[in-house]
Amino acid sequence: MLLTMLGGLALFLLGVNRVSEGLEAAAGPTARRWMAAATGSPVAALGTATAVGAMTQSGTALAVTALTMVATGIVSPASGLAMSVGAKLGATGAIQLAAFNVSEYALPLVGVGFFLSLWGRGRALGGLLLGVGLLFLGLDLTVDAIEGLAEGEVFRLVMAAAEQQPLSLLLVGVVLGAVLASSNAGAAVAIGLAASGAVSLPTAFALVAGGNLGGTFLPLVVSRGLDSAAQRVAISHVIVAGLAAIAVVFAAHPTAELLALLGGDGARQVANAHTFFNLAVALVATALGGPVTRLVALIVPTSEDDSTPKYLRRDALGDPALAIKLALRETVRISDQVAVMAELAVANLGSGKWDPGPIEGREAKTDRLTREVVDYLAQLRSQSDEQNDASERLMLVATELENVGDQIRRLYRREQRLRREGIEFSEQGRAELVSTAAMVLERMRLSFTALATADVEMARQVIEGRKALEEHVADMRLAHLARLEARLAQSRASSSHHLEVLTLLRQVDASVTRVAGWILDIYAPATD
C-alpha cells in the first residue's frame, strides 16, 4: 500500500508537470512577457504573477524567474517577493482541479491525450489532456492506497499520534514539499488522507501548510547562485510561509470551520485550504514586502560577488582614459561570469544532467553588468569625443559577452527539448559534442585571458585558431552524417538536436573570436 501510494503520488506530480508543459506551450511566451512588464508596484507584480502562475501552473519555475528578475535589477525586492508568492498562488489551480471527483474519466483522458500528443497539431492539447488524466489517476491511486493503509493498526496508531502532534504532520509536509520541489505534493497526500477519513481536516491542513513551506526551499537554493537581493527575496518568502504554516497549525480548527462554510467534501476543503493558505501568504508578503526584505537585509548583507559594478566610478567620466580602464576592468568581470557558465555547460553536457540554477544565476549577473557597462560607456561618449574608438570596441565586447551567455542558455534548452521528446544522444555523439565544447571553452579562456592581461599575441592566437575549430566542427558533422547513413536509431532520433548543438557551439566560438579581434583594436595601438 505504501509503495502504491508513492506510485500514485508520482503519477499525480507527473500529471501536474504535463499540465504545466501543455499550458506553457499554449500561453508561456505571452505570460512571461506580462511578467517581465510587471515592474511597477508590488500589487501589480502580485496580480500579474498570479495570472501567469494560473496560466502555466509552474509556480516554482516562476518563483525562480522572479528571483532572476530581482538579481538583474528589473524589479525591486518587494515586487520580486510579490511575484514569487503570486506565482505559487496561481499554481494552486492543479490541486483545485484534482479535487473534482472525476476519477472515472482518468484513463479515457490519458488515452485520448496520448494519441492526440502523437499528432503534430494536437500535441499541446494532447499533452494537457494526458496530464489531467494522469493527475486524476495518480490522486485516485493515492487515495485508494491510503484507504488500504488506514485499515492497518500501525497506521491508525501513527495517525492518532499525529492528531495529538500537528507539528509532526507539518514537518512531513515540509519534507515532501522540499524533496519533490512541489507544494502540491503535500496537498495531494493531504487530500488522500482527508478523503479516506484517515485524519481530520485540521490535521490535513497542517500537512498542506508544511508542503507549501517545503516548496519554497528550491528557489532558496537557486538564489545562492544569484545576488544578495535575490537571496533576501527567497529568504523572505520562506519566513512568511513558515510563519503562516505555524499559524495554521495552532489555528487549524477555526480555519477548518471557516472553510467548511464554503461547502464541499473533504478533498474540496483541502484544496480550498491550499489556495487560501497561498492567498494569505501572498497578501501579507505584498503588504509587508518592503519592511520584510529590509529586515532580512540585516541577515544577508551585500556580498562581494553581487552583480553590481565594482569599478564604474561616475566621477571618473571627466577623465576618458581612466574611465575606459575602469570599464575594462568591469568587462573582465563579465567575462569571468561567462567563463564559469561555459565550464558548467561543458560539465553538464558531458553528464547529460543539466542544473539550470547556477547557469541562470551567472547569466543574470552577466545581463546586469553588461547594462551597467554599456550605460557607463554611453555616458562617457556623450561627454567626450576622446577615446571613442576604444569605448566603442569595449561596448561591443560587453554586448558580445552577454550574447555568449544567451547561447550557453540555449544549449541547456536544447537538451531540455531532447528530454521532453524522450530522446538521448548516442554515446559517440555525446562524446563528440563534449570534445567540441571543450575546444570552444579552451579558446574562450585564451580570449578572456587576453582581455584581462592585454596580451595581443594571445588574442591573435585565438583568431588564427578559428580555422581549426571550423574544420573540427565540419569533421563532427561528417561523423554524425556517417552514423545517419548507417541508420543508427539513436543518431537518427537526435539528429536535429545534435546538429543544433554543434551550430550553437560554433556560434559561441564565433563570438569568442570577435572578442579577440576587438581586443586587438583596444590594445594594439598601445603596443605600437
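1. Let's start with L298, which counts as exposed because its relative accessibility is 70%; exposed means over 50% relative accessible area, buried under 20% and partly exposed in between (1.4 Å probe, protein chains only). L298 lies in helix 16. Helices here are DSSP runs of H or I with at least four residues, strands are runs of E with at least two, and both are numbered from the N terminus.

2. A word on the source: this is a predicted model, in which local features need pLDDT of at least 70 and side-chain atom pairs count only at pLDDT 80 or more, while totals for chains, interfaces and linings use all residues. Residues are numbered from 1 along each chain as its sequence is written, and side-chain values use heavy atoms, leaving out hydrogens and water.

3. L298 has company on the surface: with I239, L243, L295 and I299 it makes a nonpolar patch of about 540 Å². Patch members have over 30% relative accessible area and no salt bridge, and nonpolar side chains (Val, Leu, Ile, Met, Phe, Trp, Tyr) are joined within 5 Å. A salt bridge would put a side-chain nitrogen of Lys or Arg within 4 Å of a carboxyl oxygen of Asp or Glu. Areas come from the Shrake-Rupley method with a 1.4 Å probe. Helix 16 (289-299) and helix 13 each supply at least two residues of the patch, and helix 16 gives the most, with three.

4. Helix 13 (residues 228-250) also turns up inside, giving the largest share, nine residues, of the largest nonpolar core. That core has 67 residues, and F12, M83, V85, L135, F205, V270 and F277 touch the most other members. A core is a set of buried Ala, Val, Leu, Ile, Met, Phe, Trp, Tyr and Cys residues joined through side-chain atoms within 4.5 Å. Apart from this core lies another, of 65 residues, including L328, L369, V373 and L394.

5. Do have a look at F12: leaving aside residues up to four places away in sequence, F12 touches I95, A98, L134, L135, G138, L139, N184 and A188. Contact means heavy atoms within 4.5 Å.

6. For the chain as a whole, the secondary structure comes to 24 helices and zero strands. Of its 528 residues, 53% count as buried. Among contacts with a separation of 6 or more, 80% are between residues 24 or more positions apart.

Key. Patches are made of residues with over 30% relative accessible area and no salt bridge: like charges are joined within 9 Å, nonpolar side chains (Val, Leu, Ile, Met, Phe, Trp, Tyr) within 5 Å.
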